Amino acid sequence: MSNQEKSVRLAYTGTSILVIGFIVLPLVFIVWMSFFSNKILSFPPEGYTLDWYRRAWEMSDFRNGFFLSLRTSLIATCVALGLGLPASFALVRGRFKGRETINTILMSPMIVPGIVGGSALFVFFLEVEFLTGWRIAGSSIGLIIAHSLIALPWMIRLVTTSLISVPPSVEEAARSLGAGPLTVFFRVTLPVIRSGVIAGSLFAFVNSFIDLEKSIFLVGPDSTTLQIALINYLEWNFDSTIGAVATVQIGLITLLLLISDRYAKLSRAF
Amino acid sequence: MLATPAIIFVAIGLLAPLALMLRNSLNHYDPTELMMSAVTAENYLKFFSDSFYQGVLWRTVWISGLSTAICLAAGVPVAYFLARHVGDLAKRMLMIVILVPLLIGNAVRTSAWMLILNDKGVLAAFLGLFGHKGQLGLMYSSAGVVIGLISVLLPFMIITLNSVFESIDRNLEDAGESLGASHLTIMRRIVLPLALPGILSGSVLCFILSMNAYATPVLIGGPTFHMMAPTVYQQIAKVMNWPFGAALAFILMAVTLILTVGVSVLVQRKYRKWSE
């Protein structure tokens with residue numbers, strides 16, 4: 001290696017360490033901070049304690065928010081699975097006009113900014129309530145609809161990429177042996193694209209779980225998602241309770257990412 | 001049709017609400033009656049004749065532009081490093097390290113930055129070691145918001161650029177090198193022009209995301225720092241001025257679209273000139 005090559009390499013390595021450090025260090029600090037015993041948040045730590053975790057758990061906004069988020073995201077992922085799986089199949093295997101248009105429509109929840117989509121949905125729900133008397137805004141149904149919209153494009157995106165890599169001849173072979181379309185799907189196609197479905201579900205779940213902009217319009221005063229509870233708390237307080245909640249979320253999401261990494265190349269999701 | 005349920009769902013959950021909102025943006029707002037049906041451009045006119053809202057839009061645009069530019073400058077070397085200098089296993093690990101902050105959610109990530117930028121926070125303590133005293137003044141400032149936004153956007157930029165660099169044939173760079181070109185020349189004359197479409201899509205993504213940022217301006221910027229997305233929320237959910245809020249949302253979308261399309265066309269025209 002020439003001297004010039006060495007210095008070029010050094011420059012790239014150095015810049016990358018700085019930039020990745022800039023991305024990761026805040027998370028390291030907030031995890032660290034969740035163990036500080038300081039009453040008022042400041043550096044350096046006076047000592048260490050696990051008390052903030054107990055406090056975070058005792059705060060009903062965080063505890064209930066966590067379970068509401070968990071439940072909402074799980075249901076949204078299931079809805080995205082039920083709607084997205086057949087849609088992906090049609091997008092990859094179907095031969096019909098307007099496939100691009102359908103793809104664009106199905107991806108549009110990802111393209112339309114969350115704050116715009118969320119506010120539009122909120123006003124829409126209230127108009128529906130005004131006309132029919134059904135209360136949707138502020139109910140868990142409304143939240144689930146919004147979160148299913150967030151989850152659907154991720155599901156379709158990851159499932160279609162894995163479907164593309166499966167040649168249609170596999171399905172044709174099963175068909176020619178007399179299997180019905182449903183049997184072919186569940187016994188042949190689904191097992192081959194299993195990794196795409198798992199990765200799609202995990203990404204759908206995570207992106208629904210962390211959503212802020214769409215949910216902020218749709219949570220009720222007594223039932224907020226974890227993210228909204230966090231931002232409401234942060235607007236007026238800043239102590240290590242936040243660190244404890246953040247650490248739990250960081251742990252959960254890291255775990256889910258490590259799992260999805262086993263099933264699909266992560267960078268392909270973007 | 002297998003895609004029908006999904007399309008109906010998106011149509012009811014997104015397209016119909018958007019259409020209703022567009023219609024609402026032409027309605028009249030009355031402080032006591034709230035929304036009154038009308039066909040008027042008054043909400044759009046209000047926006048463009050009020051220097052406060054123009055200021056909000058202008059601040060949103062320059063903060064987004066600046067954040068995108070910094071992300072581009074910082075993202076290129078990292079993405080190139082990941083594509084060319086890192087082995088498979090290390091790359092997989094680094095990707096997870098970059099993706100965790102990306103998927104951790106804006107509330108948690110912004111709270112982490114509040115901890116650092118705070119006057120009693122990490123950065124102040126660090127600078128204190130070198131004898132720096134007094135206020136940092138980064139919380140509730142544009143600089144703080146830009147820092148927070150960059151950390152939100154950088155992972156997107158790095159991931160987009162990395163896949164672009166990976167798709168460029170390494171032999172082209174080797175050929176340039178064997179002809180005696182320096183690394184900078186190779187980057188400037190070979191790699192970057194080839195990566196231009198990807199650079200463009202990464203920048204567009206970052207720009208759109210920061211135009212719509214909510215958590216960072218609210219939490220780091222504070223109550224007096226106004227950007228577009230929080231203003232939309234405030235008008236629709238707090239003031240209940242749906243017509244004006246709807247107009248704000250569509251102005252935000254339109255400005256984002258015009259700027260991204262405009263810049264894309266300009267860059268592509270220049271790119272054609274380069275490659276001729």
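**Exercise 1. Determine whether Arg54(A) is buried or exposed, and which salt bridges Arg54(A) forms.**

*Solution.* Step 1. Arg54(A) counts as partly exposed because its relative accessibility is 42%; buried means under 20% relative accessible area, exposed over 50%, and partly exposed in between, with a 1.4 Å probe and protein chains only. The structure is a predicted model, in which local features need pLDDT of at least 70, side-chain atom pairs count only at pLDDT 80 or more, and totals for chains, interfaces and linings use all residues. Residues are numbered from 1 along each chain as its sequence is written, chains are lettered from A and ligands numbered from 1 in the order in which they are written, and side-chain values use heavy atoms, with hydrogens and water left out.

Step 2. A salt bridge (a side-chain nitrogen of Lys or Arg within 4 Å of a carboxyl oxygen of Asp or Glu) joins Arg54(A) to Asp51(A), with the closest N and O atoms 3.2 Å apart. Asp51(A) is partly exposed at 35% relative accessibility.

Step 3. Arg54(A) also meets Glu58(A) in a salt bridge, at 3.1 Å from N to O. Glu58(A) is partly exposed, with a relative accessible area of 48%.

Step 4. Asp51(A) and Arg54(A) are three residues apart in helix α2 (residues 51-58) of chain A, so about one helical turn separates them. Glu58(A) and Arg54(A), four residues apart in helix α2 of chain A, are likewise separated by about one helical turn. Helices are DSSP runs (H or I, at least four residues), as are strands (E, at least two), numbered from the N terminus.

Step 5. Asp51(A), Arg54(A) and Glu58(A) are thus linked in a network of salt bridges.

**Exercise 2. Describe the salt bridge between Glu166(B) and Lys91(B).**

*Solution.* Step 1. The two side chains, of Glu166(B) and Lys91(B), meet at 2.3 Å, N to O.

Step 2. Glu166(B) belongs to helix α7 (residues 142-166) of chain B and Lys91(B) to helix α4 (residues 88-102) of chain B, so the pair ties together parts that are 75 residues apart in sequence.

Step 3. Glu166(B) is partly exposed at 34% relative accessibility, whereas Lys91(B) is buried at 8%.

**Exercise 3. Characterise the interface of chain B and chain A.**

*Solution.* Step 1. Contact means heavy atoms within 4.5 Å; 81 residues of chain B are in contact with 77 residues of chain A.

Step 2. About 7,100 Å² is buried between the chains, 84% of it from carbon and sulfur atoms. Buried area is the accessible area (1.4 Å probe) that two parts lose on being put together, summed over both.

Step 3. Within chain B, Phe9(B), Leu103(B) and Leu115(B) lose the most area to chain A, together 10% of what that side buries.

Step 4. The rule finds one salt bridge across this interface. Arg92(B) forms a salt bridge with Asp261(A), the closest N and O atoms being 2.9 Å apart.

**Exercise 4. Summarise the fold of chain A.**

*Solution.* Step 1. Chain A has eleven helices and zero strands.

Step 2. Its C-alpha trace spans about 75 × 70 × 30 Å along the principal axes.

Step 3. Of the 270 residues of chain A, 53% count as buried.

Step 4. Among contacts in chain A with a separation of 6 or more, 69% come from residues 24 or more positions apart.
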